[in-house]
Amino acid sequence: MVRPLFATCSALLFSLGALADNWPFMTLQTAPFAPPDVSIEKSGVTDPGYIFIGPRGNQPAGTAALIYDEDGNLVYQGPTEVTANFKVQKLFNEDVITFWAGDMMKLGFGYGTVHILDDTYREIYTVTLKGDFTSPDGASRDSYIDLHESRVTSRNTLLVTAYNVIQHDLSVIGGRPTDHMLDSKFYEIDIATNEVVFEWSTFDHIADIPLEESKQGWGDDVGSQETPYDAYHINSVELFDEGYIISLRHYWSGYYIHNNGTVMWRLGGEPGKGDFELDRNGEFSWQHDIRIYNETQEGFAMTLFNNANTPSSSVAATTGLSFDVDLVNFKAKTTRVLNDTDDVIHSVSQGSYQLLSEHTGHVAMGYGSIAEVKEFDADNNEVLTVKFGEPNAVASYRGYKCQWKATPFWKPAVVVQRTGPSTVVVHMSWNGATEYDNWAVYSSAYSDGSDPKFQALVNRAGFESTIELNGLSGGFLQVIARKGDIPLGSSDVASLEIAPADEPAPTSSAAA
């Protein structure tokens, strides 16, 4: 078998920053954030929801879990850290937001922790994975959960991936007897107890998933502990029947793994590979995010994000694919091919396919290495495009659209700037709050805000609202976020004896 050079991208463009990023970023008065100033193009009726992304690139202050509305307004920014899989999921029948945060390796995976927050943004569960792992840099870590998957299941467990460096004879693919490679693993973890209830190793089933069938090329600079060979590259896990469906990017395939660990079948993305007959429209390569719906004994619906590209190999335009999979006759019929022909994308890494609603048939796709999220309607027409960075300079591992309601446990923030002897400009925001629609502004002669005097009513205007007030030479000021006339949260009391506008006062409360 002739194998391509290793240039088929073990790093998967996870290490960004080599390209210039001239994208505009927000400047805020009430929070130390600098998130991307997203571009919105809307061309049709959309499903309700907010945009959830975790950008990273060469703008450190914009690297965080971020929520935007459909008008491009920032709604929430989390701590400035590398995140992945930021989305809304159901846990114990309640909406929660979940995300992975940790250290990302240049090889295209990571070591970190999964955080689960309630609708006040309090962290109610922190899921970690201990174990006997070897990392490329030899460092030990508190948790070894990989960035690729953090899927909450219907049984209130968490499906996660993990990568371990092992030593193995790679002579069969042109390597050496003492070479190193990555073992792609997945785990099911009980969220309430953090106990592992199932674990599985691809390498333990090398007879069923032979190294010779990997699409990942080989090169002379591969095989050390620092640069192990990545044969499998697991990137999604889904509950299925009496086991799991996993996606192996470097095999262009999904595999059904039984609860006893047996590899039951393979659904390959190219003709002649695997156990299913696939029509030509459904061929896929370098895929991500395999998901299963409407499962019966006779079959199921399956969706995936078809990258069809790597940094060194462009096969075709990136698409979203949907299938009806027949388990009786072992056929996979393509039912949808999603591609915006006015904005053809070649995503070389990462990406997601999210069915927003079986009723409306709308789909959200995050394009991974290309800083875009698109929504398609039931007729496969693009109806929304969100851009948040230059192509191949900023990425979000996945991008989602989720319905979400939250009232943060922290206070709203207020910053007051004096622009004249009796004139001030008031900036106010409440990071993460979705339910308020106006601000009531009050002044007081007292530092505790007592005996307040109403000054103004300000409609919510994106993340940060601003008003100029006259006739205030001294005293104190407080703002209250409201829904209609119902108060939802009050800021700290800010002094009006403050610095000029070029020296803004600190925010009244920090975003958690």
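**Exercise 1. Determine where Ser-285 lies and whether Ser-285 is buried or exposed.**

Ser-285 is placed in the loop that runs between β17 (277-278) and β18 (288-293). Strands here are DSSP runs (E, at least two residues) and helices are DSSP runs (H or I, at least four residues), numbered from the N terminus. The model is a predicted one, in which local features need pLDDT of at least 70, side-chain atom pairs count only at pLDDT 80 or more, and totals for chains, interfaces and linings use all residues. Residues are numbered from 1 along each chain as its sequence is written, and side-chain values use heavy atoms, with hydrogens and water left out.

Next, the accessibility is considered. Buried means under 20% relative accessible area, exposed over 50%, and partly exposed in between (1.4 Å probe, protein chains only). Ser-285 has a relative accessible area of 4%, so Ser-285 is buried.

Finally, the contacts are listed, a contact being heavy atoms within 4.5 Å. Not counting residues up to four places away in sequence, Ser-285 touches Trp-252, Asn-306, Asn-307, Ala-308 and Val-315.

**Exercise 2. Describe the surroundings of Met-365.**

Strand β25 (residues 363-366) contains Met-365. The relative accessibility of Met-365 is 0%, and therefore Met-365 counts as buried. Leaving aside neighbours within four places in sequence, the contacts of Met-365 include Phe-305, Leu-338, Tyr-353, Val-373 and Phe-376. Asp-324 is 41 residues from Met-365 in sequence and 19 Å from Met-365 in space, C-alpha to C-alpha.

**Exercise 3. Identify which residues touch the most other members of the largest nonpolar core.**

A nonpolar core is a set of buried Ala, Val, Leu, Ile, Met, Phe, Trp, Tyr and Cys residues joined through side-chain atoms within 4.5 Å. The largest such core has 51 residues, and Phe-186 and Ile-246 touch the most other members. Strand β10 (residues 157-167) gives this core its largest share, seven residues. Around Phe-186, residues up to four places away in sequence not being counted, the contacts include Val-160, Phe-198, Trp-200, Ile-234 and Ile-246. A second, separate core holds 38 residues, among them Ile-67, Ala-406, Ala-456 and Ala-481. In soluble globular proteins, nonpolar side chains tend to be buried together.

**Exercise 4. For Asn-93 and Asn-392, state the phi angle, the loop and the accessibility.**

Asn-93 is not a glycine, yet its phi is positive, about 65 degrees. The loop that holds Asn-93 is between β5 (83-91) and β6 (94-104). Asn-93 has 70% relative accessibility and so counts as exposed.

Asn-392, also not a glycine, has a positive phi of about 65 degrees. Asn-392 is found in the loop between β27 (382-387) and β28 (395-402). With a relative accessible area of 27%, Asn-392 is partly exposed.

**Exercise 5. Establish how many helices and strands the protein has, and then describe the whole chain.**

The protein has zero helices and 36 strands. The C-alpha trace spans about 80 × 50 × 45 Å along its principal axes. The radius of gyration, taken over C-alpha atoms, is compared with a globule rule of 2.2 Å times the number of residues to the power 0.38. For 512 residues, a compact globule would have a radius near 24 Å, and the 25 Å of the protein agrees with this.

Of the 512 residues, 59% are buried. Among contacts between residues at least 6 apart in sequence, 58% join residues at least 24 apart.
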